[in-house]
Amino acid sequence: MKILTLRKQEQEMQSSALRKLLASNMALVPAPGYQPEYNPPIPYTTLIAGGLRQGMAVCIQALTNSKSNRFTVNFATGDDEGSDIALHMNARYDGRDRVVFNSRQGGTWGDEELKKEMPFKVGKPFVILFEITRNNYLVSASGERFYEFAHRIPLENVLWLQVTGDVEVQSLNILGCGPGVKGTLVLSALQTQLLPMMGPAALNPTVPFKAAIRGGMVPRRSAVIKGLVKSNAKSFAINFKVGYSNEIAFHLNPRLNKSTVVRNSFVNGVWGEEEKDLAKNPFKHGEFFEISVRAGEKHFKVFINGCHSFNYANRMPNLQQVDCLEVEGDVKLIFVFI
């Protein structure tokens, strides 16, 4: 009995230490269900945690240059060159700019499907969004529907994601992934301290946007917002609100016309004191952004484009009441994932 008590105390001490480390950690620790990567080397191959399945999405922000010839995104069954490929997307820049879709089984390529358009413009960042549905891969380019590719290989066989060719990947996000049941990818000790993303992600949603936060924005819960600042943007706002009272626990308001990022709260019918201090304004006209917000006991921790940007002290005692997320203003949304 004494040994069991000591073991329990040891486990509680380890858990407490992990929570403290999580609170102080300046690196982005993704919540279970969210698998991001920033500026990976190309060629890049990653295991999809838990394997691919309906309801998931993959978002790739990338850039090509004037010397680019082609680049490829593969959803594959393995990580070696001879593995089957469920979806092969190949963007070709050769004077007849086009995007080719195909699959490969048993070493044999299937029938090509050709899209004679090139939405991935040279020298300009773009976003490719793959939505995984029951019947197909729905492909969007910077928020606009681009192509549908029907499944030729069962989803449960797809375990790997590959990016190769003449492309610079700025960020890659796998949304709605599971624990590392298939393959060997498992959660880190820090990740096990976080609440899993609830999902599914809202993809290419319209603005103004509103979503419920089931159970409230309680400590260890995360929300991720990816979007594009409009070229003529003046400002936009992200609000974590109490739905029944419209109080705002955390108001994040980038003001492009004043080059500031305002943080505030609206409690008991009154706006509080604005916070504006920020070493660098990460929001630019016509550029993509990614905001990760994690709630804590004492503050919201905010990461922008994968880097810790600032903390915002809690001004409301009961975060469970914060059950609504809103986005409004001069922004185009790519996805919102809670």
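**Salt bridges across the chain**

Hi everyone, let's start with one residue: R92 is buried, with a relative accessible area of 14%. Please keep in mind that this is a predicted model.

So which residue does R92 form a salt bridge with? The partner is E112, and the closest N and O atoms are 3.6 Å apart. E112 lies in the loop between β7 (108–109) and β8 (113–115) while R92 belongs to strand β5 (residues 85–92), so this pair ties together parts that are 20 residues apart in sequence. E112 itself is exposed, at 52% relative accessible area, whereas R92 is buried, under the 20% cut-off.

Now to the next pair. R152 and E113 meet through their side chains in a salt bridge, 3.0 Å from N to O. Because R152 sits in the loop between β11 (144–150) and β12 (160–165) and E113 in strand β8, the pair ties together parts 39 residues apart in sequence. Both are partly exposed: R152 has a relative accessible area of 27%, and E113 comes in at 22%.

Please turn to E144 next. Its salt bridge is with K332, with the closest N and O atoms 2.9 Å apart. E144 lies in strand β11 and K332 in strand β25 (residues 331–337), so here the parts tied together are 188 residues apart in sequence. E144 is partly exposed at 47% relative accessibility, and K332 is partly exposed at 27%.

One more stop: which residues are linked in a network of salt bridges? They are R255, E274 and K276.

And how many salt bridges does the count come to? Ten. Thanks for listening!

Technical notes
Residues numbered from 1 in each chain as written. Predicted model: local features only at pLDDT ≥ 70, side-chain atom pairs only at ≥ 80, totals over all residues. Heavy atoms only, no water. Salt bridge = Lys/Arg side-chain N within 4 Å of Asp/Glu carboxyl O. Helix = DSSP H or I, 4+ residues; strand = E, 2+ residues; numbered from the N terminus. Buried < 20%, exposed > 50% of the residue type's maximum accessible area, 1.4 Å probe, protein only.
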